[in-house]
Structures are given as C-alpha cells and as structure tokens.
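Q: I am new to this structure and would like a close look at one chain, with its surroundings added afterwards. Please go slowly and explain each term when you use it.

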Amino acid sequence: MEQQTFLNILPILIVSTTTIATIFVEAFYKRSDNLIYWLSIVSLILTLIYSILTINVQNLNFSNTLHSGGITNLFYFVLSLTSLLVIISARDYLLRAKYHHGEFYILIFSSLLGMMLMASSRDLILTFLGLELMSLSFYVLAGYNRKVLFNNEASLKYFLLGAFASGFLLYGIALIYGSAQTTNILLIVNEFNNLLLKPLFVLGLVLLLIGFSFKVASVPFHMWVPDVYEGSPTVVSALMSTAGKTAAFAALIISFYGSTTSQVNFEIVAKIISYLAIASMLIGSITAIAQTNLKRMLAYSSIAHAGYMLIGIASANKLGMSGVIFYLIVYSFMNVASFILISLMENDFEKRISLNDFIGLANTHPWYAAIMALMMFALSGLPPFGGFFGKYYVFLAAIKADLTYLAVIGVISSVISAYFYLRVVVYMYFRTNEERKDIFHTSADNFVLVLCTLFVLQLGITPNLVLDLITRFLP
Amino acid sequence: MIPLKYYLILSAAFFSIGIIGVLTRRNAIIIFMCIELMLNAVNLTLVSFSSFFGDSSGQIFVFFVMAVAAAEAAVGLAIIIALFRNKLTINVDEVNIFKW
Amino acid sequence: MIEQYIPLILAILIALLFSLFLLKASSWFGPQRPNPEKLSTYESGMEPVRTARERFSVKFYIVAIMFIIFDIEVVFLYPWAVNLKNLIDLMGFFIIAEMFIFIIILLAGYLYLLKKGALKWD
Amino acid sequence: MTLEQITFIILALIGLTSALMLIIQKNPVYSVLLLILHFFALAGFYLLLNAQFIAVLQILVYAGAIMVLFVFVIMLLNLSNEEALKDPFNLRKIIASIFGVVLILQFGVFFFIKAKDDLNVTISPNSIEAGSIKKISEVLFSTYLIPFEVTSFILLVGIIAAIVLAKRKFE
C-alpha cells in the first residue's frame, strides 16, 4: 500500500484501530470502561481534525472502491461529531443506569466504522457491508441491557425488520449488478442514462430504494421506528436517529447521484420516491400528534423528516442533493440535543418520559427549557434557526424540478407538525404543577447541549456558507 | 442449456416464498429462517448473473453475503435468547409492550 | 458440464440407497416376535415420562458462535492459501500483510471471548 | 431433454417443495432440516452454473455452520413442543398468501415479458474460469480488499453480541 493511500483512508484507519484497541483493552484491563471512554474521545477528535484538514484532497483508492476527501470527509466529520456528542453524554447516562461497560463504546465504534464506509464506498458490495456492520451494531445496542424487557423487544423488532429490509436491498443490488454487469457505483453513474432504459435496472433501483427506506426511517419500512426509538436506551436512539439516517442518506445520495445530470429520464423512479416522501411526511406528522411519549413523538417526527429529505432526492438536481446534506447536518444537531435532554430526565432504562414530565420545566430549569424550546422551534422549521433552511433548500429544489406539489405538501406537513413541537413548549412554559423534576445534569451533558445549540443557531445565521461548502464538494 | 430467465424466476419464487413466510409466521426463529431463505434466493440470482457474464465479482458478493449471514445469525439468535430469558416466548405477537 | 458430476451423483445415490437398505434390512429379514416388555424403552428401568429433547445450557451457544465465526475465517483463508504463490507474484508481500490484519482482527475477538470466560466450563 | 434440464427440474422441485414446506411446517426442528435440504438444492444449482467453489461453501457455511446454530438455539429454548406457539389459520395468512402468489406472477411477467431483452444472454464461456477458486481469490484479494477486511469487523460484532446478549454472567 502506498503512503498516499494510507493517508487518504486515515480516518477509517483511526476508527478501525480504535475498535480493535478497545477490544484488547476490554479483554485485558480490569477497570476498562473509563480508559475506553477517553480513548474513544481522543480518537474521534483526531478523526474530526484529520477529516477537516484533508477535505481538499480528493482521491479514489483500492481499485475505485473507496473515495476519500471532499464530500466523503464532510460526512466523516458529521458522523464522527455526532458519535462524539453521543459518547460524551452517554457515559453519565449509563453510569446512572448502572450499566456502564466497555462494550458500549466498542459497538458505537463498529457502527461508526460501518457508517463511514457507507459514506465513502463507491462499490455496492462495500456499501452493503458497511450497512450491515452499522445495522448489526445497532441491533445489539438497541438491546444493550438484556435484563430490560423494553430493550429486548426493541432489538428483536429492529433485527427482524432490519434483516427483512436488507433482503430487499440485496435483491436490488443483485438486479442492478445483473443489468449493469458491475457493482461499481462510478461506472453505474456514468451509464445511468442508458441503464434507466432497462426495466431490470429500474426494478433494482426501486428495490434498493425500498431497502434503504428502512435505514432512513421512511415509508414503507417505517413501522419499526417508534418502537425501536422508544425501547432502546435513549442515547442509542440519539445515535440511530441521526448518524444512522445520515449514513443511509449518504449512500442513497451517492447511488442516485447519476440522476442529477440534466439529460436523465428519471421520471419513473422520481415518482416512486415522491410517493414515499409524501406518505412519510403525512404519516409521520399526523401520527406524531397523538403521541404523549416524547421519544415516540420524536420517532414519528423522524419519519416526517425522512420524507422532507426524500424530496431532495426526488428532485434529482444538485440543489436537492446538497439541500439534503445540509438538512442532515442540522437534523443531527437538533435531534441529538433533544434526545440528550430526554435522557437527562431518566435514571434508568425503564423510565418513560412523557409530555407531562415537561410541565413547568421553565420554572425549575430555565436553561434546559430554553434549549428544548429552541430545538423544538428548529425541528418544526421556524425561520431564524437552522431547521428552516434545511426545509427551504429541499423545497426550493423541488420547485426547480417541477415538483411543486411536493413542496406544497411539505409545507402543509410542516404546519401540522408545528402543533406537536410547539405543544412541548407550551407544556414547559405555560403549565405549572408542584412536583419538582429532577434533571441529572453533568458538565459533560451541558457541554454537548451548548455545542448543539451553537451549531443550530450558527447554521441558521450563515446557512449559505455551509451550503456553498457542500455544493463545492459534490462531484 | 437453461436460459438465464429460468434461474431468475426460480430465485424470485424462493424470494417470494420467503416474504410470505415472514408475513405469516409468528415464531421469531422461523421468521429468521425465512429471511435466510430470501438471502439465499438473492445469492442464486447473483451466481447466475455472475456465471452468465463470466464475471467473478457476483460470486465474491455471495461470499460476503455468507459471512454477513453468519454474523447476522450470531446476533439475531443472541437477541432471541435474551428475549426468551425475560419473556419465555418468542412469539412476535406476544412481543407487544409496544404495538407491533 | 453437468456430465462430469455423474460419478458424484451416482456415489451419493448409492450411499443413500445402501444406508437406507441397511436401516430397513434387519426388520425385513430378521425374525419379529414383539411383546410389550420388549418394546418398552428400558426393559428393566423407569418408564420415560418426558421427551428426550432437553433444554441445554447457553454455554453451548457461545461455543457454537465461536465455531461459526472461525469457520468463516477459514473459508476466507482457503482461497488465499490455495493460490498464495500466484497472489504473491501478482501483488507482492502485501497480500500476506492483508491476511494477517484479518487474522489479528479476529484474534482480538478470540482473546476477548477467552478473557470474558466464554470457554470456562464451571 | 438433456441431462442438464432434468437436473434443473429435479433441483427446482426439491427447492420449491422444501421452501414451501418450511413455511407451512409447525415444528421448528423440521423447518431447519427442510432449510438444509433447500440449501443442498441451491448448491446443486451452483454446480449447474459452474460455480464450484460457491457450491462447496454453500454446504460448508450454510448447511454446516449457520443451520447448526439454528438447531442449537431451538434445542436451547426447547421449542419443539410447539403448542405454546399458537399459529391459527386466519385472515392475515390468506392475504399474505394471495399477496405472495401475485408477487411471484409479477416477477414471472417481469422476467419473461418486460425484461426479456435484457436477459437474452447465453452462458459465458468464461463461466468455468470465473467460478474457479483461482480467479475468485485473485479478484477478492485485489479489488475487494476493503470489503474483505470489513468482513472481519462484522464477525467481531457477532462475537460481542454473543457476550453482551447471551453470556450468563456478563459482568
């Protein structure tokens, strides 16, 4: 292996070496959990710094299977930042629940490795393996505390439906291989125009889309989302709903990038994607109204957000793709912060946080209430925050691509969803009761929350900077 | 000489039988076995494309699918064991703290 | 193509038929004078009351998982080992490093299992 | 009819029957055995397609290892007394079966009419070489080097899952 290749894939090497190192530490060192915690934080910070420093060096490695630099490094940055935030706050959560083991970090790292591979892979075989690595780690993480029935059930559901969906994904890849005679995404993207004339390829693409819809939590494989997000440990839900979605959309964007060239006749596939988007948006935001459990509500909202993001893919232009990436970045920060706020109110895995737990939070913990309110405003897409621009870009892309009806339905769905987001704010600020809520906060959690808040505000103030960055690196 | 489409329709049939199994059976282990059936149907598709094109990468994909299936079996059956210990059932209809 | 497998198919068929035949042969050719005492499972022991399928310990499962994981490892070693000379000509000694990385990663898993007491049989 | 066609038909019958019986069968132990039979039929297809190495692996990995794990777990949980798992014949089953039949017909229409032109290929003369262990190892260890290393991480997750979820005394 040449030195240059070695440097190109250094982020992946760091993460994989850390995985192995943590396993050795866990095996040979008695009080391993704290050491592993710090080891993972250091290696994630290294990954973050390195992927930003080398963002301008774009390369294809290992017979065009692995891309490095540019948009890939941007994804590396987002994925490892999300994992870092989750890991920092997870330690105290797990200590509170008295279930703090080194395995948690090993599994987070192996899932991160899978996600990074999904974002950087340019071969469908590698994409599939990355996806499986990520999913298998998530299945275990969802059932992390095997003594808690909630965790067991969440992981069983996640596992059965996930394996079912990966069957569809695999069939899709097989048919794409059958029509394109290759699994290399770059070759497929080059031939996209001719391949779309083959029914075999279109069927493969549709099956691939159905398989991915499981991972991005959109219709038709959305039934698992509320149960799994509710049943898993809250910090795990935070990671699944953000980094998992980002990685799956990264792979989707890479596979569908060929559709952005103007001469492609993408209509059939675009139509299917837009149906999925409409169904996800409406089902997500209407069902969320009925939820009183906060994690379930965020789960349904996650389905709706997947729908908004699919609009960007359906519009099949550059703005749509970069809009989706922008949306994913904002969404990661918003959702991590919301889930961590929920996790602060839990002291074991079996606690369920409902809307009533938020009553009067503004009086007892004004800062946490303020952050929660801000996240809810941002999630609902109100103007000055980052969440607004995420939606704005994908809707704009849809209008540009003559899919105005998608944008209209998106706006309607946003209006519906504003109801349940703002309800949380109303509960916090305009209702009081005597009962005093405990918030188990530590400085680590505060740090994560402040960081997320700053990012969401920053993305709302200067969205153009980030969008330009993304557009510059899209091939 | 058997044309390619016969292999494809056969593996599509296996795949569909797997789907029916997943949708009808309630025993978690049997559902998982039906998923294995689906994965194997895809393997047949991949191998037949690979042979008809004379290109090895399809067969290598099957290689990886097998490795993934092994790891998936390890993880999935561990999950089933963990659930069984707490609940003494693996009927997915009874796994209903949440709505299925 | 398929013709070259005819001997194989024949061997499998003969093995199957022969073993089936032997299985049934004793009941076809041997004298049959059954009585209830003779047919009971243990002629002078306790009547079996439950099925012979016992639940057994989860330790077996961990061992079975180890078997599967290292089975797959061997499956990947096999094409490497059979064709090693050729591969070294093609790619140099990098191919050996490649396989050793693979083995070390799984070795980490093996040591982890060992230290967690997966093989202790207390 | 040539020998190849006869073999294909026999294997197809074995494969279809075992798959169908598998989803009807009540006793999970029998289901496992039927699945193993199905895997043998698939191995036969791989031989027909000149993929000798994959055929051997199919037996070695699927029938020999993965199904052993299934049998282990079924014995472990002692699920052979299947009465506990009521599986009544109900509306959902009928709907799912109709859906399945429609799906198979759809695939049939698709492969035989719609995608007819894409599939008009004859078996490549290179197929014997492509299925040989030599060719496979050359491609596997050069082009698919990263996927190969990633596989070891996937197996690692399997090991950790076993300890985290199934070990009796985990910590």
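Among contacts in chain A between residues at least 6 apart in sequence, what percentage join residues at least 24 apart?

A: The share is 78% for chain A, where two residues are in contact if their C-beta atoms, placed from the backbone, lie within 7 Å. This is a predicted model, in which local features need pLDDT of at least 70 and side-chain atom pairs count only at pLDDT 80 or more, while totals for chains, interfaces and linings use all residues. Residues are numbered from 1 along each chain as its sequence is written, and chains are lettered from A and ligands numbered from 1 in the order in which they are written. The model as a whole scores ipTM 0.93 and pTM 0.94.

The secondary structure of chain A consists of 21 helices and two strands; helices (H or I, at least four residues) and strands (E, at least two) are DSSP runs, numbered from the N terminus. Along the principal axes, its C-alpha atoms fill a box of roughly 65 × 55 × 40 Å. The radius of gyration of chain A is 21 Å, which agrees with the value near 23 Å for a compact globule of 475 residues, the radius being taken over C-alpha atoms and the globule rule being 2.2 Å times the number of residues to the power 0.38. Of the 475 residues in chain A, 65% are buried, where buried stands for 20 or more other C-beta atoms within 10 Å of a residue's own, exposed for 12 or fewer, and partly exposed for what is in between, with C-beta atoms placed from the backbone.

From chain A the view can widen through A:Val140, which is among the residues with the most contacts inside the largest nonpolar core, together with B:Ala70 and D:Val73. That core has 329 residues, a nonpolar core being a set of buried Ala, Val, Leu, Ile, Met, Phe, Trp, Tyr and Cys residues joined through C-beta atoms within 7 Å. Helix H3 (residues 57-87) of chain B gives the most to this core, with 23 residues. Leaving aside residues up to four places away in sequence, A:Val140 touches residues that include A:Leu107, B:Val75 and D:Val157.

Chains B and D also meet each other, with 70 residues of chain D in contact with 61 residues of chain B. On the side of chain D that touches chain B, H3(D) gives the largest share, 12 residues. The residues of this side divide into 51 nonpolar, 15 polar and four charged, with Ala, Val, Leu, Ile, Met, Phe, Trp, Tyr, Cys and Pro counted as nonpolar, Asp, Glu, Lys and Arg as charged, and the others, Gly among them, as polar.

One residue that touches across these two chains is B:Leu44, placed in helix H2 (residues 28-53) of chain B. B:Leu44 counts as buried because it has 25 C-beta neighbours inside 10 Å. Again leaving aside residues up to four places away in sequence, B:Leu44 touches D:Leu42 and D:Phe45, as well as B:Tyr7, B:Ser11 and B:Phe14.

In chain D, H2(D) is mostly covered, with 15 of its 21 residues buried. Just after H2(D), D:Asn50 takes a positive phi of about 65°.
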